[in-house]
Amino acid sequence: MDTTFLTSLAGLAAGLVMTLQVQGASRLEWIFQDSSPIPSELRLHPETDEHEANATLGNLENALQVYVVEEGVDPLSNPPVDGSYLQSGKVVIFRPTYPFADRIDYLAVAFDGVQALHRSSKQQNSPVACVDHIQPEGEILPENLLKFYIHFSHSMGGGDVYRHIQLIELAKKKVVQWPFLELGEELWNQDMTRLTLFIDPGRIKRGVKPLEEIGPSLEEGKDYELIISNQWKDAKGTSMAHSFRKSFRVGPPDRSPIALKRWTVASPRAETRQPLVIHFGESLDAALVQRCVSCLRGNQELEGEISINSQTTRWTFIPSKPWSLVEHTIKVHTLLEDLAGNNVGKPFEVDTFAPVQRRLESSHETLHFTPVLDKTP
Amino acid sequence: MKHLLKRTSLSAVLALIAISAQGAQWKQGMAEGTVPIKSAGSVAFGPDGILFVADSKSAAIHAIATGDVTSQELSQPIRVASLDRKLAALVGVTSEEILIQDMAVNPLSKNIYFSLSRGRGPDAVPVIARVHSSGKAELLDLRQVQHSTATLPDAPADAEVGEGRRRSNPRMESITDIAFLEDRVLVAGLANEEFASTLRGIPFPFREVGKGTKVEIYHGAHGRFETRSPVRTFVPFQIGGEPHLLAAYTCTPLVQFPIQSIQPGAQIVGKTIAELGNRNRPLDMVVYNKEERTYLLMANSSRGIMKIPANDIASASSIESAVRGGASEGLDYETIEQWQGVDQLDLLDERHAILLVRADNGPLHLESRPLP
């Protein structure tokens with residue numbers, strides 16, 4: 001049989017398609033939509049007429065398959081890409097269940113041995129993501145610190161976060177072993193720009209209870225560095241632009257509950273939109289302080305803008321409407337935590353040696369203030 | 001003759017109705033269509049081939065009637081090399097682009113199910129795949145399948161928080177483990193802001209919210225004290241015919257709860273049966289019987305695979321005070337040295353476990369092994 005091999009190069013945006021054309025055999029065609037370099041479907045054009053094609057093809061799944069191509073791996077050692085088949089005339093169309101991906105090569109194989117390789121653009125995006133900041137932002141953190149929040153500039157990729165995070169004790173240049181609570185389901189926010197990192201509560205010094213086996217993650221008086229590696233990939237699969245280091249010293253543990261009576265409230269002037277300012281007297285959990293503190297007039301929560309300073313020691317509220325000359329309430333949910341996880345009125349403890357009680361009620365505490373009248377003439 | 005036949009067929013029909021009624025009972029409330037799933041995490045099987053999938057992104061549990069109900073016995077060992085690569089190929093990507101989240105064996109068919117995410121960013125797509133004992137892998141079509149969904153309400157402590165003003169970062173919870181127990185799905189979760197871990201029971205079949213569905217919230221307690229430590233994994237098991245629950249917490253001990261104590265709204269008071277030290281990082285737990293003894297097999301990311309004889313749990317003394325000195329107290333355990341790099345562990349049948357093993361940062365292999 002006379003065979004002619006044709007290699008045709010068809011450049012399409014960033015895509016490159018190669019087909020082996022055997023005379024008398026079927027033809028494979030990658031389809032691209034809207035000038036996208038990633039194919040949306042694959043078509044098989046049998047070289048026989050429709051009637052013969054139907055007889056030959058039989059089960060459409062056997063007519064045509066697509067395989068992922070990976071360096072060093074025989075593509076046919078893996079199952080074919082899952083998808084659906086339909087027939088239009090004698091043409092067989094394959095559409096993958098999940099869209100074909102960027103930066104992956106695919107090999108199409110027809111029933112008669114004809115193959116077509118889709119070679120994708122391997123151009124890597126330049127690194128753009130980085131750690132924006134880590135909370136708490138203070139330079140001195142309590143020995144029984146409960147968590148860090150790592151904020152990123154862009155959506156990140158997950159699944160192996162703990163590999164990219166290291167806590168180093170600086171004096172001995174020692175890496176602290178397993179300081180964090182490692183969960184299969186990581187603790188991200190919705191768009192994966194913030195990761196919550198809990199210090200393993202089993203590694204937090206408890207005061208009276210000694211720790212077994214390995215010591216605490218943090219010890220008073222020592223200096224540490226939290227390092228986030230730039231190898232951590234963003235949501236698009238690109239490494240970060242650079243790594244991030246946070247240095248801090250560990251101070252004494254904080255075992256006191258949050259006490260509202262220690263807060264100072266600077267009452268704003270009535271009939272103005274002067275900010276209401278609350279000083280906590282200590283750093284509080286940056287995320288919870290946004291959810292747990294609100295300002296009410298009567299039963300009505302006021303509309304306005306909240307801002308919190310970087311040390312999370314100060315809460316500022318600018319109302320949408322001017323203050324009226326009545327008593328207002330600051331409502332604080334007792335869920336609020338300080339840096340060591342102490343709540344309002346209750347210190348943090350993982351195991352509470354107390355009679356077990358039902359704790360299904362939600363609770364809050366309140367402070368009151370009345371805007372002041374400006375008496376200056 | 002005709003008469004006899006009639007009677008026989010009637011009893012056959014009645015028997016058939018009885019069987020299908022029982023099956024139908026579990027599928028109450030299910031509808032055919034696309035599962036509204038946004039993420040696929042922990043998976044566990046219920047009765048009749050019903051697969052439960054934890055969806056942290058939606059704060060929901062989905063029950064999917066897989067239709068995979070034919071009983072099968074294993075005739076040969078299972079070994080699938082580079083399973084992660086094979087599952088990735090099914091969804092059109094390479095193994096770096098997927099994350100295998102959990103594994104569960106259908107006790108009827110012995111087929112092995114995996115939850116995974118295609119992609120690692122916020123737009124990652126949830127996928128459920130099934131591997132037959134022959135090694136053949138395929139996807140579960142989530143677009144046209146019988147299913148029902150239960151949404152997890154916020155724990156009561158959160159009901160008031162964030163009222164009125166829209167929060168930019170709504171409270172999210174990660175579901176760490178789920179299991180089916182008699183008539184409910186148990187769900188262990190951990191919040192991503194406050195240090196609050198929850199253990200809830202959702203009656204199954206799922207009832208619509210608002211029609212009196214009570215989601216029971218349990219507080220883990222051992223002996224005199226209550227722990228806020230998150231439950232990492234739990235498994236139901238029988239002691240002398242009585243149903244119990246074993247729960248592994250993240251930094252405190254292994255606790256056993258009698259099922260009778262799991263009452264709506266109540267504390268489940270458990271007995272601490274093993275203190276495994278503060279390097280305890282449990283991944284999976286299974287309970288099995290061998291030569292008339294009961295054992296607990298725990299995959300632990302820092303201690304390898306531990307085999308703990310559970311026969312004497314009922315009589316084991318409760319550990320109530322802080323453990324000093326020794327690495328573990330209570331029950332003895334044995335480390336299974338040959339079982340290294342275990343990523344996922346589940347029971348395959350009465351005599352075998354199924355493991356997903358990673359060799360030296362390489363690909364993941366799926367294999368069955370006799371229970372130790």
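Entry 1. I take a helix to be a DSSP run of H or I of at least four residues, numbered from the N terminus. With that in hand I looked at the end of α2(B) in this predicted model. I found that α2(B) is followed by G92(B), whose phi is positive, near 80°.

Entry 2. I then asked how the helix itself sits: which residues of α2(B) are buried? They are L83(B), D84(B), R85(B), K86(B), L87(B), A88(B), A89(B) and L90(B). Helix α2 spans residues 83-90 of chain B, and because eight of its eight residues are buried, I record it as largely enclosed by the rest of the structure. I note that the list includes the charged-type names D84(B), R85(B) and K86(B) alongside L87(B).

Entry 3. I turned to chain B as a whole. I counted two helices and 28 strands in chain B. Chain B has 372 residues, of which 50% count as buried. For contacts in chain B between residues at least 6 apart in sequence, I obtained 51% joining residues at least 24 apart.

Entry 4. I looked up the nonpolar cores. The largest has 105 residues, and those with the most contacts inside it are L87(B), I178(B), V187(B) and F234(B). Strand β6 (residues 98-105) of chain B supplies the largest share of this core, six residues. I noted a second, separate core of 52 residues, which includes L218(A), L284(A), I330(A) and L339(A). L87(B) thus appears twice in my notes, once among the buried residues of α2(B) and once among the residues with the most contacts in the largest core.

Entry 5. What does V187(B) contact, leaving aside its neighbours within four places in sequence? I listed A54(B), I61(B), L152(B), I175(B), I178(B), R200(B) and I202(B). One of these, I178(B), is itself named with V187(B) among the residues with the most contacts in the largest core.

Entry 6. I examined W232(A), which lies in the loop between β16 (223-228) and β17 (244-251) of chain A. Is W232(A) buried or exposed? The cut-off for a buried residue is 20 or more other C-beta atoms within 10 Å; W232(A) has 24, so it is buried. Not counting residues up to four places away in sequence, W232(A) touches M156(A), H164(A) and M240(A). I also recorded the C-alpha to C-alpha separation of W232(A) and H242(A), ten residues apart in sequence, as 9.7 Å.

Entry 7. I checked the backbone for exceptions. Most residues other than glycine have a negative phi, and most peptide bonds are trans. I found a cis peptide bond from Q135(A) to P136(A), with omega near 0°. P136(A) is in the loop between β10 (131-135) and β11 (140-142) of chain A. In chain B, a cis peptide bond joins F204(B) and P205(B), with omega about 10°. P205(B) lies in the loop between β13 (197-203) and β14 (216-218) of that chain.

Entry 8. I closed with positive phi values outside glycine. K173(A) has a phi of about 50°, and I placed K173(A) in the loop between β13 (165-169) and β14 (174-175) of chain A. T312(A) has a positive phi near 50° and is found in the loop between β22 (304-308) and β23 (314-319) of chain A. Are these residues buried or exposed? K173(A) is exposed, because 8 other C-beta atoms lie within 10 Å. T312(A) counts as buried, because it has 23 C-beta neighbours inside 10 Å.

Methods. Residues are numbered from 1 along each chain as its sequence is written. Chains are lettered from A and ligands numbered from 1 in the order in which they are written. This is a predicted model: local features need pLDDT of at least 70, side-chain atom pairs count only at pLDDT 80 or more; totals for chains, interfaces and linings use all residues. A residue is buried if 20 or more other C-beta atoms lie within 10 Å of its own, exposed if 12 or fewer, and partly exposed in between; C-beta atoms are placed from the backbone. Two residues are in contact if their C-beta atoms, placed from the backbone, lie within 7 Å. A nonpolar core is a set of buried Ala, Val, Leu, Ile, Met, Phe, Trp, Tyr and Cys residues joined through C-beta atoms within 7 Å.
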